[in-house]
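Here's a quick walk through a protein model, written for someone who'd rather look at side chains than at summary tables. Keep the viewer open as you read.

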Amino acid sequence: QWCTYYSAHMHEIGHNLDLGHSGEGNNEYADTSGLMGYSYGQDDFPRMCFNGAQSWQLGWYSSKHVTLTAFPESVLNLIII
């Protein structure tokens, strides 16, 4: 019956896109933040896709990526002195 679940279909598509499981601790399916973890037992739920880390891995939304620097070098020099 699991093969009728939307989340199971999306999970398997994720594997075809080279995504691994999303787990917590020793349970490789425990992460509920995206579809590469826990699968839901409904055929029309949940309305979600892959989580942020997996979207980053896939290069989705790359036009929105930014690189942040915690502290500019000049600030770090002032803190150390």
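Is aspartate 18 buried or exposed? Aspartate 18 is exposed, with a relative accessible area of 63%. Bear in mind while you look around that this is a predicted model.

## The overall layout

Let's zoom out for a moment. The protein has three helices and zero strands, and along the sequence that reads as α-α-α. Of its 81 residues, 23% are buried.

Take the contacts in the protein between residues with a separation of 6 or more: 41% of them join residues 24 or more positions apart. As for the outside, the protein exposes about 6200 Å², and carbon and sulfur atoms supply 55% of that area.

## Helix 1 and its buried face

Helix 1 covers residues 6-16, and its buried residues are Ser7, Ala8, Met10, His11 and Gly14. Look down the axis of helix 1 and those buried residues fall within an arc of 165 degrees, so they line one face of the helix. The spacing rule behind this kind of pattern is a handy one: an α-helix has 3.6 residues a turn, so residues three or four places apart point the same way.

## The nonpolar core

Which residues make up the largest nonpolar core? There are five in all: Met10, Leu19, Leu35, Met36 and Phe50. Met10 is also one of the buried residues of helix 1.

Leucine 19 is worth clicking on. Leave aside its neighbours within four places in sequence, and leucine 19 is in contact with Gly14, Met36, Phe50, Gln54, Gln57 and Leu58. Among those partners, Met36 and Phe50 belong to the largest nonpolar core along with leucine 19.

## Two residues with positive phi

Back to aspartate 18, which follows helix 1. It sits in the loop between helix 1 and helix 2 (52-58). Its phi is near 75 degrees, a positive value in a residue other than glycine.

Tyrosine 61 also has a positive phi without being a glycine, at about 60 degrees. You'll find tyrosine 61 in the loop between helix 2 and helix 3 (73-80). With a relative accessible area of 57%, tyrosine 61 counts as exposed, because the cut-off for that is over 50%.

## Aromatic pairs

To describe a pair of aromatic rings, you need the distance of the centres and the angle of the planes. How many aromatic pairs are there? The count comes to three. In one of them, the rings of tyrosine 38 and tyrosine 40 have their centres 4.9 Å apart and their planes at 85 degrees, so the pair is edge-to-face. Tyrosine 38 is partly exposed at 42% relative accessible area, whereas tyrosine 40 is buried at 15%.

Tryptophan 60 and tyrosine 61 form an edge-to-face pair too, with 6.4 Å centre to centre and 85 degrees between the planes. Tryptophan 60 counts as partly exposed, at 30% relative accessibility, while tyrosine 61 is exposed. Ring pairs also link Phe50, Trp60 and Tyr61 into a cluster. Phe50 is the residue to follow here, as it also belongs to the largest nonpolar core.

Conventions
Residues numbered from 1 in each chain as written. Predicted model: local features only at pLDDT ≥ 70, side-chain atom pairs only at ≥ 80, totals over all residues. Heavy atoms only, no water. Buried < 20%, exposed > 50% of the residue type's maximum accessible area, 1.4 Å probe, protein only. Helix = DSSP H or I, 4+ residues; strand = E, 2+ residues; numbered from the N terminus. Arc of directions from axis to C-beta. Core = buried A, V, L, I, M, F, W, Y, C linked by side-chain atoms within 4.5 Å. Contact = heavy atoms within 4.5 Å. Phe/Tyr/Trp six-rings, centres within 6.5 Å; stacked < 30°, edge-to-face > 60°. Areas by Shrake-Rupley, 256 points an atom, 1.4 Å probe, with all protein chains shown as cover.
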